Amino acid sequence: MDYKRGLLKTLMILLTTVQLFWPLVTSCRCAIKHPQQLFCTAQLVIVARVENITLNYVTGETGKDLYPVGSIESVTYHIKVQHVYRFERGRGRRRAIHRQTTINTPGSVYDCRVSLLQNTTYILTGHIRRGSLWVNSCGWVEDMAKLTYRQRTGLRSFYQDNCRCQVRCCTGSQCLHTTSARTNNQCMMDTGIFSCYTKYGICTYKRKNGQRGCVWKENPQIKQCLTVWGK
């Protein structure tokens, strides 16, 4: 009898521990990425204004083990599209984006939910799933009013024109090597000061003196930012 009680107590402690730490284990984790990367790898890049918000709750028909009935399964944002920068029309995907449409995000922050404010305009990078538009917090989701001049310039043309270039994160001595020895198609981004690159940097492909490769486009803003950080 004592053995069974001890086993039951152990199981209860284990179950409680799992319940406490499961959100930490399954929580959303996003790698540091440059806006140019997020732009070039997205199926969808739009500027849109949020007009309304709908919460979609789990019902008995849609319920899953991880999402009990009554919890929020997803959030639908009713948006007014102001500009489409990128839209991949592929097999099984929708053919066009209407000016008035919706975009979805997971219902839980552990699934990388995006929280958008009504009557606010955003840059949104996302993907298309079964004809529906989806976005999560690992993409580029930012209030348009907070974009820098260089980010707006990248959106207009430079990001799209330089998708052949890759932005690679580095730390310490790794950042001394500015390009890939084999392909010469990378710009290195120091993760310790990544905000200088994400706000002001554009990785561009250049041909100079018979050589080809990707380099950070020079501008006063990124130079000043790097100087502040002692780089």
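Me: How is a pocket defined, and how much space lies in the second largest one?

Reply: On a 1 Å grid over the protein atoms alone, a pocket is an open set of points where a 1.4 Å probe fits, with protein on both sides within 12 Å along at least five of seven lines. A volume is the space filled by probe spheres set on the points, which are joined across faces, edges and corners. Here the second largest pocket holds about 330 Å³. The model is predicted: local features need pLDDT of at least 70, side-chain atom pairs count only at pLDDT 80 or more, and totals for chains, interfaces and linings use all residues. Residues are numbered from 1 along each chain as its sequence is written, and side-chain values use heavy atoms, without hydrogens and water.

Me: Which residues that line this pocket are the closest to its centre?

Reply: Lining residues have an atom within 4 Å of a point. Of the 17 here, Lys33, Leu38, Gly139, Trp140 and Thr198 are the closest to the centre.

Me: Which element gives the most to the lining?

Reply: Helices (H or I, at least four residues) and strands (E, at least two) are DSSP runs, numbered from the N terminus. The helix α4 gives the most, with three residues; α2 (35-41), β6 (141-143) and α4 (194-200) are the elements that give two or more.

Me: Which residues does Leu124 touch?

Reply: Contact means heavy atoms within 4.5 Å. Leaving aside residues up to four places away in sequence, Leu124 touches Leu44, Val45, Ile46, Ala48, Ile103, Leu116, Trp140 and Val141.
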